[in-house]
Amino acid sequence: MDDLSTQLVSQYGLRAIERCHQLSQISELDDGILRQYLTPEHQACNQQVAEWMSEAGMETWQDAVGNQWGRLTSANPNAKRLIIGSHLDTVPYAGAYDGILGVMLGVEVAALAQQNELNLPFHLDIVGFCDEEGTRFATTLIGSKALAGQFDPNWLALQDSQGISMRQAMLDFGLDPEQAAEQGAALSSEEVIGYWEAHIEQGPVLEAHQQPLGVVSAIAGAKRAVIEFIGQAGHAGTTPMNLRQDSLAAAAEFTLAVEQLAKLAAQSSQQGQVATIGSIAAKPGATNVIAGLTELSIDIRAQEDAALVRLVTDIEKAASGITEKRQLTLNWQWTHAAPAVQCDDQIIQLFAKACQQVTDYAAVLPSGAGHDAMAIADICPVGMLFIRSPGGISHHPDEAVIDGDVINALAVLYQSLNTMALNVFSE
């Protein structure tokens, strides 16, 4: 890039950060950040982002489920679409950057393309997804799944904590729930050439390697379950140790077994296997009573589906063995399943080359967290660029970025856009 372009990248990168902070003021909470799907805050956020998109020279619109769009139009009216995006909703007491920074960088990429009069052989579409976190209706990836034609009409009956259904919330927002149910936001795979997403890493790997950026190789698949060990409650003083059916002791043994199995799996095949017992509840929960029932949550992830299946199988066997040994009953209910997604090799190479040119290094790493790219992968090739997370902190008010990292990320995205435009023209 010439000196003028370098100056603009720095200016626009810092503006992306500032705009993240501006959006953080649009919140349901007085003492933190919260933007949920189909709320007045969602609407206000979309309106502000649409204004910035217009300033960058884009046409703007809102689709059938409430995703906010901007388009830098190609001279070819029949051109396909390259999409850059992430999500604009948040968890309660969120940081300012998770998802939002990716949308702001997309807007700045378009602004750079407009400023530099970049001739695009495809439409450049920037999207701010309406709901990735699932905070209000406990259903994640609503916005991106709708694009992939996976909006479930049954979602319209879901209710939030105030008893408001998604159908009613859509009507209040100004959307037509029947249009959403009829896949009105869905895109055809024939019209999309790719999806790019820039996102903070939300983990410590890049910082540990002192790298500002990383190219994502795959997004881990995940399975979650609620498990019950059922034994026999009894008096803590009168029941001998050898006659107990202690469900909490079984849960403790199982927790350690899960940790060990995940460590061994990750060491042997290096597919990013992790497993977490996130909550334990013992009942009746009294100091002088043996726990007759203990409920646990488990989250299991891996970069490849086969590796995930192997780890799940080993964990299930461990639970069965503990249950049999301790003469307990085991209940296992799966609550979530998402397949692993491999990022597109050509996009990985495109981003890696740009990273090499901008930062002299191209780290490649998997994502343990889920992202909108997982849903979009059903209709087009996807790629992700990670930005270093200081302290590995995310989903927390202390979430942070380094200015230079964000500027470098914008440079990588713009350089990749320029390269892709040239490649499409040459085809």
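Begin by selecting Asn-288 in this predicted model. Asn-288 is placed in the loop that runs between strand 9 (274-283) and strand 10 (289-290).

Next, add Arg-224 and Arg-301 to the selection: together with Asn-288, they are covered by the UniProt annotation "binding site", which comes from an unreviewed entry. These residues are spread over 78 residues of sequence and are spread in space as well, with up to 36.9 Å between C-alpha atoms. Of this set, Arg-224 and Arg-301 are included in the lining of the largest pocket.

Now clear the selection and choose His-87, Asp-98 and His-199. The unreviewed UniProt entry covers these residues too with the annotation "binding site". They span 113 residues in sequence, yet no two of their C-alpha atoms lie more than 9.7 Å apart, so they gather at one spot. From this set, Asp-98 takes part in the lining of the second largest cavity. To place Asp-98 along the chain, look in the loop between strand 3 (81-87) and helix 3.

From that loop, proceed to helix 3 (residues 100-115) and select helix 2 (residues 40-55) with it. The two helices pack at an angle of about 20°, and their axes are 9 Å apart. Because angles under 35 degrees count as roughly parallel, helix 2 and helix 3 are described as roughly parallel to each other. Helix 2 passes helix 3 in a right-handed crossing.

Finally, display the side chains at this contact. Helix 2 contributes Val-49, Trp-52 and Met-53, while helix 3 contributes Val-103, Met-104 and Val-107. How do the residues of this contact divide into nonpolar, polar and charged? Six are nonpolar, none is polar and none is charged.

Technical notes. Residues are numbered from 1 along each chain as its sequence is written. This is a predicted model: local features need pLDDT of at least 70, side-chain atom pairs count only at pLDDT 80 or more; totals for chains, interfaces and linings use all residues. Side-chain values use heavy atoms; hydrogens and water are left out. Axes are lines fitted to C-alpha atoms, for helices over the stretch in contact, and angles run from 0 to 180 degrees between N-to-C directions. Helices (H or I, at least four residues) and strands (E, at least two) are DSSP runs, numbered from the N terminus. Angles under 35 degrees count as roughly parallel, over 145 as roughly antiparallel, 65 to 115 as roughly perpendicular and the rest as oblique. A crossing is left-handed if the near helix is turned anticlockwise from the far one by less than a right angle, and right-handed if clockwise. Contact means heavy atoms within 4.5 Å. Ala, Val, Leu, Ile, Met, Phe, Trp, Tyr, Cys and Pro count as nonpolar, Asp, Glu, Lys and Arg as charged, and the others, Gly among them, as polar. UniProt positions are given in the numbering used here, feature names are shortened, and annotations may be inferred rather than shown by experiment. On a 1 Å grid over the protein atoms alone, a cavity is a set of points where a 1.4 Å probe fits but cannot get out, and a pocket is an open set with protein on both sides within 12 Å along at least five of seven lines; lining residues have an atom within 4 Å of a point.
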